[in-house]
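Reader: Hi! Could you walk me through this model with a few questions and answers?

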Amino acid sequence: MNRRQALWTIAGAVTAAMWLPRAWSQRGYERASELYGALREQPHQSVVMGGGTLDVVFADGAPGLDRDRVMAWIRKSATAVTTYFGRFPVRHVGVLVIAEDSGRLGPGTTYGFDGSAIRLHVGRDASDDAYRNDWMLVHEMTHLALPEVPQEGAWLLEGNATYIEPIARAQAGQLDPASVWQWSVDDMPKGQPASGDQGLDHTHTWGRTYWGGATFWLLAEVAIYEQTQGRSSLQDALRAINRESGGNGSTWTLDKVMQVGDKATGTTVLAKLYADMKDKPVHVDLDGMFRKLGVGEANGKIVFDDHAPLARLRERITRKP
């Protein structure tokens with residue numbers, strides 16, 4: 001099971017747990033009402049980052065958990081999303097940290113309907129490497145940046161967080177560019193339509209939701225660059241969507257997301273891609289796209305071709321803005 005499959009499994013388990021009776025909740029704070037109650041009632045410590053405030057609550061004191069390591073991890077993850085979006089995506093978010101007997105970080109879940117909030121399960125035995133290499137929290141914080149959309153648009157939000165998370169970490173100097181593209185080369189093919197596919201809005205499999213959605217955003221990245229001759233970028237579009245919506249505390253239609261993003265770049269890229277891909281399967285020539293970007297593999301490792309037509313875009317995607 002790879003990192004994205006693990007996220008899909010975790011997300012499904014957490015969503016199911018929200019509907020269990022309280023007596024059946026074995027991990028605690030699985031219901032949204034419990035989460036928000038803890039954030040309101042229990043002591044917190046704050047992190048101020050990029051114009052936003054993160055109020056961190058260690059659930060029931062989180063006995064046995066190294067708070068300093070957790071706080072450093074939260075700051076590091078917040079730095080990555082702040083670097084990408086030019087500010088922390090929301091003015092305020094509550095973060096509930098739940099200690100458990102494990103060596104892993106996660107699962108994590110992000111909410112917005114009663115104020116932005118993130119629930120994190122954190123293992124007391126998580127290693128330094130686990131904290132150093134974690135991607136889950138940046139993924140969850142990226143979810144803060146876009147407005148909620150109707151259920152059929154789950155691919156837009158999950159695909160966005162899947163695509164942006166490694167890029168944000170690279171722009172913040174936390175991840176090397178080769179790793180960013182390794183995941184794209186390895187996993188984006190899993191987002192291609194299979195038999196019976198009815199487009200992104202109507203096909204809610206793991207591959208289409210996470211990697212089909214991520215492919216949509218990579219296509220947008222390339223098209224905006226080409227149509228504006230490098231004057232505008234997908235990052236411009238996503239920053240505009242974040243600024244105008246205020247983040248995941250608001251709810252928009254998918255059409256409005258595309259309209260606001262396109263206005264920021266002076267194109268119709270997002271609207272056209274959405275019209276093309278929402279109701280029918282679109283098979284993307286990923287190999288051709290990666291060649292244009294100058295991304296290849298040799299002996300199992302990513303290699304870059306700096307003479308490729310879109311090599312400059314590839315470099316810009318992971319470079320600190």
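**A helix inside, and what surrounds it**

Author: Happily! In α5, the residues M136, L137, V138, H139, E140, M141, T142 and H143 are buried. Please keep in mind that this is a predicted model.

Reader: How many of the residues of helix α5 are buried, and is the helix enclosed or not enclosed by the rest of the structure?

Author: Helix α5 covers residues 136-143. Being buried here requires under 20% relative accessible area. The helix is largely enclosed by the rest of the structure, because the buried residues number 8 of the 8.

Reader: Thanks! How many helices and strands does the protein have, and what is its radius of gyration?

Author: The protein has 13 helices and 7 strands. For 321 residues the globule rule gives 20 Å, and the value for this protein is close to that, so it is as compact as a globular protein of that length. Its radius of gyration is 19 Å.

Reader: What percentage of the residues of the protein count as buried, and what share of the contacts join residues at least 24 apart?

Author: Of the 321 residues, 57% count as buried. For the contacts, take those between residues at least 6 apart in sequence. Among these, the share that joins residues at least 24 apart is 68%.

Reader: What about the surface: how much area does the protein expose, and what part of it do carbon and sulfur atoms supply?

Author: The exposed area of the protein is about 14100 Å². The part supplied by carbon and sulfur atoms is 50%.

Reader: And the charges: how far apart do the centres of the positive and negative sets lie?

Author: There are 35 positive and 38 negative side chains in the protein. The centres of these two sets lie apart by 4 Å.

Reader: On to the rings. How many aromatic pairs are there, and which geometry do Y84 and F85 show?

Author: The count comes to 8 aromatic pairs. Y84 and F85 form one with 5.0 Å centre to centre and 75° between the planes. Y84 is buried at a relative accessible area of 2%, and F85 is buried at 4%. An angle over 60 degrees counts as edge-to-face, so the geometry of Y84 and F85 is edge-to-face.

Reader: Why is the pair of F216 and W217 put in its class, and which residues form a cluster with them?

Author: The ring centres of F216 and W217 are 5.1 Å apart and the planes stand at 90°, so this pair is edge-to-face. Both F216 and W217 are buried. The residues that form one aromatic cluster with F216 and W217 are W155 and Y274.

Terms used
Residues numbered from 1 in each chain as written. Predicted model: local features only at pLDDT ≥ 70, side-chain atom pairs only at ≥ 80, totals over all residues. Heavy atoms only, no water. Helix = DSSP H or I, 4+ residues; strand = E, 2+ residues; numbered from the N terminus. Rg over C-alpha atoms; globule rule 2.2 N^0.38 Å. Buried < 20%, exposed > 50% of the residue type's maximum accessible area, 1.4 Å probe, protein only. Contact = heavy atoms within 4.5 Å. Areas by Shrake-Rupley, 256 points an atom, 1.4 Å probe, with all protein chains shown as cover. Lys, Arg positive; Asp, Glu negative; His and termini not counted. Charge placed at Lys NZ, Arg CZ, Asp CG, Glu CD. Phe/Tyr/Trp six-rings, centres within 6.5 Å; stacked < 30°, edge-to-face > 60°.
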